[in-house]
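Hi,

Here is the structure I said I'd pass on to you. Have a look at it first, and then read my notes below.

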Amino acid sequence: MACKKNDIEKSGKRPLGEACLAALHFAIGREVDSASFYNKYQSIAIAVRTRLMDRWLETEKRYCETDVKRVYYLSLEFLMGRTLQNAILNLDMEEEAREAMRELGMVLEDVYEAEHDAGLGNGGLGRLAACFLDSMATLNIPAKGYGIRYEYGIFNQLIDNGYQVEKPDYWLFRGNPWETPRVERMQRVRYRGRTRPYMDEAGRYRVDWIETDDVFALPHEIPIPGYHTETVNLLTLWSVRAGDEFNLEYFNDGDYLKAVEQQTASENISKVLYPNDNIMAGKELRLKQEYFFASASLQEILDNYLHDHQDLARIPDRVAIQLNDTHPAIAIPEMMHLLVDRHSLTWEAAWAITTRTFAYTNHTLLPEALETWEVALLERLLPRHMEIIYEINRRFMMEVSAAFPHDGEIASRLSIIQEGSPRRVRMAHLAVVGSHSVNGVAALHTRLLKASLLADFNRLWPGKFNNKTNGVTQRRWLRQANPALSRLISDTIGDEWVTNLNALERLLEKVEDKGFQDDWHAAKEMNKMVLAHGIEEKLGIEIDSASMFDVQVKRIHEYKRQLLNVLGVAARYFRIKSNPRGEWVGRTVMIGGKAAPGYAMAKLIIKLINDVGKVINTDPDTSGLLKLIFMPNYGVSMAERIFPASELSEQISTAGMEASGTGNMKFALNGALTIGTLDGANIEIKDAVGEENIFIFGLNDREVAEKKRRGYTPWDAYHEDPELRGVLEAIRDGFFSPDDSGRFRPIFDSLLHKGDPYMLLADFSSYMACQDRVDACYRDAVEWTRKSIRNVAKMGYFSSDRTVREYAADIWNVRPVEP
């Protein structure tokens, strides 16, 4: 919203119960007696949103009056989850909301369940973006998020005979009461066409982009409230509207379907969120999505800036743009296009503005996960931007040659254009070249970025790289998700931790307090019973809430090593079978996550989890001792039930492959102990909680690299470890799949005949030995509780508030605007 010179009038307030009745009557058109369950949810959503918009108007007024620098966070994914409970919590109006719903004959907690998750992300990337929005508002930082309003979010996952089946998630089927479409602020986004170079009146080289296919981007604004502050920021999600309603020539010829064909095709741009692991090369729709929201966002940012400022050269003094991974990197040539072609700046002036405005966050260490696009596709879809990328690269290559005059190979390694057949544009390289800051998301991740993945860039620009370890918002992931534990904490040390997570350290004074230990254990047991009841209700599986809840929930991917978990469970099963009367620690192992629809191996691993679980869960010898459950359709709302009940957090990725992880933080924040490798933020969690309060196993990143360099042979582990060999042969020979003995042969082949690229077999024996240490600790309930308390007490560093403060001070150079 551009600043206006006149005062913004503040709307009046009314009691929430009265506001709900008014919304029910005037906005929804229902009397209380005829209103449906969902109508009553809508009524409180509208009433709460009214208060949020009132605060947003005041927030915007403050930003305008102080003419502050603002942050714009560009992310292709925002995994927001549900809004109502979070808004009520942040506004500190839970009791008022409970009373308002009581007047409508409803229980507030039941009303929360009426809201559909806004699943606009695949996992950690989108959830991190949502945490950052919460923290920026809570910290009173002038900020706005930009993304896409996908009609269909991340797919709904069904399990049919053990196999993943994907169903569409039309999360908007009932509308979204939290958003406001702003038709008056639509932006034109162009594709295709051709470029026409010419010399302007001053003799300067110019380019017109003409004969384009156009669409319109419609912004939908969603208010993001801070916790116990008057600040409300915005998340703007763009949806597409066709540039032309229909082609009149076809319409006049009587071919209506042909006439609206362009409209239908255009509106596919914001139709569906692509799963993370789909093969994107050559996928024109994905590139259209990326450019669509980047272009619309930049146009609005520049429009708002120019409403109150005239000097384009000062944009970096008022605007900071953060690229959340490479998906929005096309915004860099788009900024150049807007500044050079539309506003007639020189290349040099435009490039100085661009590079001082943009910053880039890298989220991966996997070279194959770095996004690239075929040059031919970009030339066809965005011809002007491909020309700009060529020019950026030409000038960059001159800089590289000057810096490394005697290194003939570094230019090809650094070039934005990857030569070959086909030629490709390296979007990560474009993001690094066009940004003033490049950050990793955990200490190990940043070290490896600088030492390997982007090492040549670090040689060229060593001051450009920095670390910003991820964090999570304690408001949602402890205060909201775990009321039993958060009440105990607040009753013991006060509420300061909700906005200053370091205050949890005061819990260390209670580690040896027997009464506090008992209360802590009771809170965990209650959460376990709630989750156990939910599992029985939804899956029909009865579990023992006295067993250890051992949990791994995250996107299914080979490097995250859900397969190692399953191998360990199978080995435990065979151990119990060989000695059913042994003194075993009862375990309920839960695994959840979605596999990308095109990722065959990940989907086969899901089937293996379900088949192994079927054998174990129906075997009387393991009854009460071991269960394996796959949790279907894992998402934000399910996570809010799982984290509070979990006791062991499986963070077992191959060392050097997980950028950071945030699930590890959410588990620990809720009192689960971690079993994990020295990967991602696990290392920093270990440093925070102490080695004695975490279970570490396996090779570290340097050992992984050295083992691969020397020629890793998984057959060695197979021959040396009889337990591992027995598990692998059982999987290979169909023990867990008697109806199809060869079903899991591809898994066996991947591990032994295709080199075990994620080092499962190399870490197996260490993993099993570490699980034995977990069992020994769990037998001592008091010691386990002590460790749980210590984990929570040392989580202060892992708040997204701390992360955002570091971005604000070190990268964005923005300051809070206090109410």
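Let's start with helix α1, which covers residues 16-27. Its buried residues are L16, G17, A19, C20, A22, A23 and L24. Among the things covering them are helix α2 and helix α4, the latter at 94-103. After α1 comes G29, and its phi is positive, near 75 degrees. Before you go further, keep in mind that this is a predicted model.

Next, the empty space inside. Rolling a probe the size of a water molecule over the atoms shows where such space is left. Here the count comes to six cavities of 30 Å³ or more, and the largest cavity has a volume of about 360 Å³. Which residues lie nearest the centre of that largest cavity? They are M80, G81, R82, T83 and E115, out of a lining of 32 residues. Several elements give two or more residues to this lining: the helices α2 (37-66), α3 (84-91) and α6 (124-138), plus the strands β2 (78-81), β3 (118-120), β11 (213-225) and β12 (232-242). So you'll meet α2 in both places: it helps cover the buried residues of α1, and it contributes to the lining of the largest cavity. As for the chemistry, the lining residues divide into 19 nonpolar, seven polar and six charged.

Moving along the chain, take a look at T354, which sits in helix α13 (residues 347-357). Is T354 buried or exposed? It is buried, because its relative accessible area is 0%, and the cut-off for buried is under 20%. Leaving aside residues up to four places away in sequence, T354 touches I332, M335, M336, L339 and G434.

There is also a little sheet story to follow. Strands of a sheet pair through backbone hydrogen bonds, either parallel or antiparallel. In this open sheet, three strands come in the order β15-β17-β16, and the pairing is antiparallel. The edge strands are β15 (372-374) and β16 (417-418), each pairing on one side only. Between β16 and β17 (residues 424-426) there are two bridges, and Q418 stands opposite R424 in β17.

Last stop: helix α33, residues 781-793. Its 13 residues reach 18 Å from the first C-alpha to the last, close to the 18 Å expected at 1.5 Å a residue. The buried residues in α33 are W784, T785, R786, K787, S788, I789, N791, V792 and A793.

Happy browsing!

Note on methods
Residues are numbered from 1 along each chain as its sequence is written. This is a predicted model: local features need pLDDT of at least 70, side-chain atom pairs count only at pLDDT 80 or more; totals for chains, interfaces and linings use all residues. Side-chain values use heavy atoms; hydrogens and water are left out. Two strands pair if DSSP finds at least two bridges between them. Helices (H or I, at least four residues) and strands (E, at least two) are DSSP runs, numbered from the N terminus. On a 1 Å grid over the protein atoms alone, a cavity is a set of points where a 1.4 Å probe fits but cannot get out, and a pocket is an open set with protein on both sides within 12 Å along at least five of seven lines; lining residues have an atom within 4 Å of a point. Grid points are joined across faces, edges and corners, and a volume is the space filled by probe spheres set on the points. Ala, Val, Leu, Ile, Met, Phe, Trp, Tyr, Cys and Pro count as nonpolar, Asp, Glu, Lys and Arg as charged, and the others, Gly among them, as polar. The expected span of a helix is 1.5 Å times one less than its number of residues. Buried means under 20% relative accessible area, exposed over 50%, partly exposed in between (1.4 Å probe, protein chains only). Contact means heavy atoms within 4.5 Å.
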